[in-house]
Amino acid sequence: MATLPNPLPKLTTDPSGRSLGLQLPPGRLIDATDEGPWHEPLLWHAKKAAAPGTWKALGAPAARAGLLPVLVDVQDGQGGPVNWGLAPDEVSYPGDHDAEDVLAEYWEDCEEELAEEAEPFGIEWPGLAPALSPTADPDTRAAQVADSLTDGTRAWLKDPHLALVPARRSADVPAAIGWSGPLNYEDDVARLCTVLRSWEDRFGIRVVALTFDTLTVSVAAPPTTLAEAEAVAAEHFAFCPDNITQNGPDALRAYAKGLIGEPAWSFWWD
């Protein structure tokens, strides 16, 4: 995968990141993959759990140094990123794919589920949802969502720590570390990141949190009507069917209602 120069090796001899213009707390560099140590660190994460305000205090300055923030759960049942089976050598480049082509292919692959649970849509891919008007600045919304995820009220995010990843844009963070959370659905996470790039452009999303198998993004331009929400929900169905198919009868419509005005979207792959 094509990436920017990786600033993380500098933290080996400069843990505070002063040479990068940063003031980092004690942290840990992660280079562990499913095939052994990577040739350079894939991410850094703080040793201390994140709290409201951490994202703004550390994430914004780090972004100027080419390191993008994301929350990672270090007590997610797998022991955190060091045990996630990261696979950067199996990832392509998000810019080499087309978001609509990727989603249309996923949609076609879900033909059996579509027949039962994708009303008001049918077997034919409905196309990309229109871009929506933002209700907040995307980076401000990301900080707000990050704060909400670190206030101790989210049972599924047990121990979130701020991580920094060398990536061109927030949508590329999963690909930059070779995240394997959706492995049972897609073995090249860059294809999903292609969709995330499109969502950045149309809905102002930012990748805010990762666990072993869950991805959460902030949304600066959420749908405000049911029609808009259903169009977005169709993309979610293709992107992560597990989000929809567990909702029972009339699943997509029921799911879409929950997207109206929602500032964060989460995806979990079985």
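**Helices, cores and enclosed spaces in a predicted model**

Thr140 is found in helix H4. The model described here is predicted. At 40% relative accessibility, Thr140 is partly exposed, because partly exposed residues fall between the 20% and 50% cut-offs. A partner distant in sequence is Ala220, which stands 80 residues away along the chain. The C-alpha atoms of Thr140 and Ala220 are separated by 8.5 Å.

Helix H4 spans residues 138-149 and also takes part in the largest pocket. That pocket encloses about 310 Å³ of space. Its lining comprises 16 residues, and those closest to the centre are Trp55, Ala60, Pro69, Asp139 and Ala142. Four elements each supply at least two lining residues: helix H1 (54-64), strand S5 (67-73), helix H4 and strand S7 (205-210). The largest share comes from H1, with 5 residues. By class, the pocket lining holds 8 nonpolar, 3 polar and 5 charged residues.

The interior was examined next. The largest nonpolar core contains 62 residues. Within this core, the most contacts belong to Leu196, Leu215, Phe239, Trp265 and Phe267. Leu215 illustrates the packing. Beyond its neighbours within four places in sequence, Leu215 is in contact with Pro174, Trp179, Leu196, Val207, Ala209 and Leu210, among others. The list for Leu215 also includes Phe239, Trp265, Ser266, Phe267 and Trp269. Another core lies apart from the largest one and has 24 residues. Leu22, Ala46, Ala50 and Trp55 are among the members of this other core. Trp55 also appears among the residues closest to the centre of the largest pocket.

His236 sits in helix H7, which covers residues 226-239. His236 is buried, because its relative accessibility is 0% and the cut-off for burial is under 20%. Residues up to four places away in sequence aside, His236 touches Trp199, Pro241, Tyr255, Leu259, Trp265 and Phe267. Of these partners, Trp265 and Phe267 are listed with the most contacts inside the largest core.

The structure holds 1 cavity of 30 Å³ or more. The space in this largest cavity is about 30 Å³. Its lining consists of Pro174, Trp179, Val189, Leu192, Cys193, Leu196, Leu215, Phe239 and Trp269. The 9 lining residues are nonpolar, with no polar and no charged residues present. Helix H6 (residues 189-203) contributes the most to this lining, with 4 residues. Leu196, Leu215 and Phe239 line the cavity and also belong to the group with the most contacts in the largest core.

The loop between H5 and H6 holds two further residues of interest. Gly178 lies in this loop. It is buried, since its relative accessible area is 2% and burial requires a value under 20%. Gly178 and Val189 are 11 residues apart in sequence, and their C-alpha atoms lie 7.2 Å apart in space. Outside its neighbours within four places in sequence, Gly178 is in contact with Leu86, Ala87, Pro88 and Val91.

Glu186 is found in the loop between helix H5 (173-177) and H6. What is the burial state of Glu186, buried or exposed? Glu186 is buried, with a relative accessible area of 8%. Its side chain makes a polar contact of 2.7 Å with the side chain of Tyr106. Residues up to four places away in sequence aside, Glu186 touches Tyr106, Arg191 and Leu192.

Tyr106 leads to helix H2, which covers residues 99-109. Buried residues of H2 are Ala99, Val102, Leu103, Ala104, Tyr106 and Trp107. The N-terminal end of H2 is capped by Asp98. A side-chain oxygen of Asp98 lies 3.2 Å from the backbone nitrogen of Glu100.

Gly85 is located in the loop between S5 and H2. With a relative accessible area of 28%, Gly85 is partly exposed. Gly85 and Gly178 stand 93 residues apart along the chain, with 8.6 Å between their C-alpha atoms. Neighbours within four places in sequence aside, Gly85 is in contact with Asp34 and Ser180.

Notes
Residues numbered from 1 in each chain as written. Predicted model: local features only at pLDDT ≥ 70, side-chain atom pairs only at ≥ 80, totals over all residues. Heavy atoms only, no water. Core = buried A, V, L, I, M, F, W, Y, C linked by side-chain atoms within 4.5 Å. Buried < 20%, exposed > 50% of the residue type's maximum accessible area, 1.4 Å probe, protein only. Contact = heavy atoms within 4.5 Å. 1 Å grid on protein atoms, 1.4 Å probe; cavity = no way out; pocket = protein on both sides within 12 Å on 5 of 7 lines; lining within 4 Å. Points joined across faces, edges and corners; volume = space filled by probe spheres on them. Nonpolar A, V, L, I, M, F, W, Y, C, P; charged D, E, K, R; others polar. Polar contact = N/O pair within 3.5 Å; in protein donor to acceptor, adjacent residues only side chain to side chain.
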